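Reader: I've got the chains open and would like to go through them with you. Could you take my questions as they come?

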Amino acid sequence: MIQKIERESAPSRGAFSLSKTFSILPYLPFIIIFSYFFLFPISRLVYVSFLSNDNTFTLSNFETAFKKPYNTGFINSIKIGIYSAGLTVFPGAVIAYFVETRGSSKLRRSLAAMNGVLANTGGVPLAFMFTAALGIQGFLTKALKSAGLDIYAHQFSLATLTGLLVVYLYFQLPLMIIIFSPAISALRREWVEAATNLGANQYQYWIRIGIPLLFPSFIASFLLLFASGFSAYATANALTVGNLPLTPLQIGGLLDGNVSAAQLHLGKALGVVMILISAIAVVPYLWIQRRTSRWSQK
Amino acid sequence: MRAKRLAVAATVAALFTTGLVVATAPAQAATNICKAKNVTEAGGMDALVAAAKKEGKLALITTPRDWANYGAIFDAYEKAFGVKISVDNPDGSSQYEIDTMKTAPKAKQPDSIDIGPLVVAQLTPPGGKQLSSPYQVINWKDIPAAAKDSNGYWYGNYGGKLAIVYNTTLPSVPTKATDFTKPDFKGVVGITGDPTSSNQAFMSVLAASLGNGGQKNLADVTAGLSLFKTVKAAAPLVKVNSSNLVTGTAKVGFMWDFNALGVVPAAKEAGISLKFAYPTDYVLQAPPYINAINAKSPNCANARLWQEFVYSQNKGKTAADLTAADLKLPGSKLFALMQGGQNYFQQSGADPIMSAAMKKKNTLVPSLLDFEVPASAKVVGPPTISDVLAAREQIISSWSSL
């Protein structure tokens, strides 16, 4: 269609390209920001990750990235991503369901505000909160101990994978509720009524309609939680002393340490691998997201 | 439309020319000073102080006020020379300093740096361009040869010894590294950070090594690693930083002696009683922190006057003692009556790099620390750069899987 117009009205070409230019204009701020803060840094990161300290091309950064201790870092980071997501998706989904369907609008609003705050609590303040609560001198630790349960007698510590997991749940669960609530509210009352009219019971409704509809959002939420746990930095950095290799911390040490000298390019290579792992998690998320939105629109 | 564009062009041109004027004026006046390799080449102390006063600014980087008494040094320098000191990213790392020198725009470049010994090699890359400008302070010969670059591209400044910090409520008092494994301290022993990225934590592993039988060979830290491994087998290592010490999460660990004057009072305010003591068997004298002038230094005179001040050995007046009459004195006279930078480090408990020479000249002031190396202890070190590099390989390869 467009091509046809162009061919037929050759003289007005100038006017046409002008209008085309104008049609791009509204996107311009987005394109600029996206290029400057996303495309440019990533391409630069990928480029630098293939350089040696003498600025010649090399693959050695990536070879090192998959050796000890950096491969352990990836494994631990992936573990903490999967565990922290796995432990929060089910309870988060159930809470989101009851709040969205049974809760008063007042409850829903106040919970949404609270979740927004909790999901964004991180870094050193979060680490400090947990140290004060579950550290060896923590308030809860002492309360549990006087109740007969000494959690520190069994190698518990906030600086272990288990300890970090407990801390991460604090922001992962509210995050799950936030991202899953829209999916619940998209379940229409008419569908339940239609199913009941056709003779389905509650169980059949859930197996045939509810769960298949929610499943893509559920998986998508899981992947998002994974990415969030996989890449968290500041809290882990405040709690651990390098005995628990995690990729974000290793990158931090390589880029901003006092000890390991001139390992900048290795740090960038680790960053590239992290981006790839996140992409593997986020690409299916985008795909599923598109399917879900198509279904809910129909 | 056209008029508007012209106006824009005119503004841009105007900005450009004013920018040029501003940029060239001081550069012409300071040509000599930016290349000066000692105070004579800078025209003598009077001229150097005058030039520094005229610049009015000194840009430093990652030197917090509560580190090794820097706050008192800043106060004296600012008051005496009427110079405003700015410190970029006070809690940053040495690598941050190097990266800033390499990549930051002119306006963010520091004049002088204070870096850990493990990144020094990056200042003078073989075959590459030096990041620092050579300079030799008046007391150059008093810096031990092992602690400086012979051309003046970098020079040691002050060193620390590692002391044991502990909470006084513990059932017993830790007196040496091997005590860390005692059941009394289970779950509250740790290290200041990740030794593969923090210099203080790195040196703590070396200190642990001395106390655990590794005192003969500083290049081999397996004894230190195995001590921490034993500690970790009983309970995970805690992070010995001020917030964990104040909450009682961390109660025992190594720390720089020169930070005791900052850490102990802060904990006391929070109701926690901490003490510092040197190990009773072996005390690690760590390699010194290093100073250098940035090759891209924006305030050339202050960059050099700052070195002279930090490496000055005088006993004398601190910021509070300087009178209005003192401030009117010619630069060299004013400089001579001020307490030198080396003595501020000495007060903090750090070891000024020139302490041996100062002891001979009787210019060393007393330290303000309430603890000293016990008679039974042997001070070991400092380890050489090659020792430290070998130790680094061991720590990097085994710390994460301890």
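Reader: In which sense do S1(B) and strand S2 of chain B pair?

Author: Before that, a word on the source: this is a predicted model, where local features need pLDDT of at least 70, side-chain atom pairs count only at pLDDT 80 or more, and totals for chains, interfaces and linings use all residues. Residues are numbered from 1 along each chain as its sequence is written, while chains are lettered from A and ligands numbered from 1 in the order in which they are written. Strands here are DSSP runs of E with at least two residues, helices are runs of H or I with at least four, and both are numbered from the N terminus; two strands pair if DSSP finds at least two bridges between them. S1(B) and S2(B), residues 84-88, share 5 bridges, and the sense is parallel.

Reader: Which residue of S2(B) is the bridge partner of Ala59(B)?

Author: S1(B) covers residues 57-61, and 4 of its 5 residues are buried (20 or more other C-beta atoms within 10 Å of the residue's own; exposed is 12 or fewer, partly exposed is in between, and C-beta atoms are placed from the backbone). Across in S2(B), the partner of Ala59(B) is Ser86(B).

Reader: Which helix joins S1(B) and S2(B) in a β-α-β unit?

Author: The unit is right-handed, which is to say that with the strands pointing away from the viewer, the path from the first strand over the helix to the second runs clockwise. The helix, residues 70-81, is H4 of chain B.

Reader: How many residues of strand S5 of chain B are buried, and which residue stands opposite Tyr158(B)?

Author: S5(B) runs from 155 to 159 and has 5 of its 5 residues buried, so it is largely enclosed by the rest of the structure. It pairs antiparallel with S12(B), residues 289-294, over 3 bridges, and there Tyr155(B) stands opposite Asn291(B). With S13(B), residues 351-352, S5(B) has 2 bridges, also antiparallel. In S13(B), the residue opposite Tyr158(B) is Pro352(B).

Reader: How far apart are the C-alpha centres of the two domains of chain B?

Author: Domain 1 is 37-159 + 288-361 and domain 2 is 162-284 + 372-401, with bounds from an automatic or database domain assignment. 10 residues of domain 1 are in contact with 11 residues of domain 2, contact being C-beta atoms, placed from the backbone, within 7 Å. The centres lie apart by 29 Å.

Reader: Why does Ile395(B) count as buried?

Author: Ile395(B) sits in helix H15 of chain B, residues 385-398. Leaving aside neighbours within four places in sequence, its contacts are Pro195(B), Thr196(B), Phe202(B), Val205(B) and Val221(B). Ile395(B) counts as buried because its C-beta neighbours inside 10 Å number 24.

Reader: Over to chain A. What is its radius of gyration?

Author: Chain A has 14 helices and 0 strands. The globule rule (2.2 Å times the number of residues to the power 0.38, with the radius taken over C-alpha atoms) gives 19 Å for 298 residues, and chain A is well over that, so it is more spread out than a compact globule. Its C-alpha trace spans about 85 × 70 × 30 Å along the principal axes. The radius of gyration is 25 Å.

Reader: Which helix gives the most to the side of chain A that touches chain B?

Author: The contact takes 26 residues from chain A and 39 residues from chain B. Helices H7 (123-134) and H13 (247-256) of chain A each supply at least two residues of chain A's side. With 3 residues, the one that gives the most is H7(A).

Note on methods:
Contact = placed C-beta atoms within 7 Å.
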